[in-house]
Amino acid sequence: MALNPQVTNLIIILGMMQVSKKIPFDDPQVLLGVRILYIVTNIIIAGVYLYLQNKINAKKDLTTLKYVEPAPMGSADEPKLITTTVHSYDLQQLRALWKSQLMGIGMMGVMHLYFKYTNPLLIQSIIPLKGALEGNLVKIHLFGSPAIGDLKRPWKAAGGLMGMGGQGEPKSDKKSIEQAERAGSGGVKEE
């Protein structure tokens, strides 16, 4: 039985918090080493994402993908029908991964350079790399897993804290798609 990635992240964070208490961050050599570790892990993540982009563009899977995107929670909007290709969907997901990674680097930069926090550098050297290697795009394009079961597109949005996401999951069943088509909500092909 595999542990939920959120549970393993929590275990790693709690463990690394204890380890980071024992690390002498006031020693410039140690601080430089942790900074280098943080930079190297972000370079590895960027390398993985660039490799994924090349693999996605090389495959250029133009299989049509239709799904119903749920309305945002608390919104009166109707669910929207999305018609796209696997290639476009994967690139869209990769853009979201890049955006998330850059936001993390920005937040870490502010915390470390402006507020002078050093402990999160160690944790943020491990968690994003673990998350990048557990992603669906990596499983399909890097590790060669078939896109079936949990890896079947469209993917469920990652839940927030304790699995409470802001949206429902996208629906790709025939009934939901036909219902959205009749309602006239979307259906325009995204490029």
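**Close-up 1. Helices α2 and α3 packed together.** In this predicted model, helix α2 (residues 28-59) packs against α3 at an angle of about 170°, and their axes are 10 Å apart. Angles over 145 degrees count as roughly antiparallel, and α2 and α3 are therefore roughly antiparallel to each other. The crossing of α2 past α3 is left-handed.

**Close-up 2. The residues where α2 meets α3.** Look along α2 for its side of the contact, including Leu-31, Tyr-38, Ile-45, Tyr-49 and Ile-56. From α3, the residues taking part include Asp-90, Leu-94, Trp-98, Ile-105 and Met-108. Sorted by class, this contact of α2 with α3 has 14 nonpolar, 7 polar and 2 charged residues.

**Close-up 3. A salt bridge between Asp-90 and Arg-153.** You have just met Asp-90 in the contact between α2 and α3; its side chain also joins that of Arg-153 in a salt bridge, at 2.7 Å from N to O. Asp-90 belongs to helix α3 (residues 86-114), while Arg-153 sits in the loop between α6 (136-142) and α7 (174-183), so this pair ties together parts that are 63 residues apart in sequence. Are these two residues buried or exposed? Both Asp-90 and Arg-153 are buried.

**Close-up 4. A salt bridge within helix α5.** The structure holds 2 salt bridges, and here Lys-130 pairs with Glu-134, with 3.0 Å between the closest N and O atoms. Lys-130 and Glu-134 are 4 residues apart in helix α5 (residues 127-134), which means that about one helical turn separates them. Lys-130 is buried, with a relative accessible area of 16%, whereas Glu-134 counts as partly exposed at 30% relative accessibility.

Key:
Residues numbered from 1 in each chain as written. Predicted model: local features only at pLDDT ≥ 70, side-chain atom pairs only at ≥ 80, totals over all residues. Heavy atoms only, no water. Salt bridge = Lys/Arg side-chain N within 4 Å of Asp/Glu carboxyl O. Helix = DSSP H or I, 4+ residues; strand = E, 2+ residues; numbered from the N terminus. Buried < 20%, exposed > 50% of the residue type's maximum accessible area, 1.4 Å probe, protein only. Axes fitted to C-alpha atoms, helices over the stretch in contact; angles between N-to-C directions. Parallel < 35°, antiparallel > 145°, perpendicular 65-115°, else oblique. Left-handed = near helix turned anticlockwise from the far one by under 90°. Contact = heavy atoms within 4.5 Å. Nonpolar A, V, L, I, M, F, W, Y, C, P; charged D, E, K, R; others polar.
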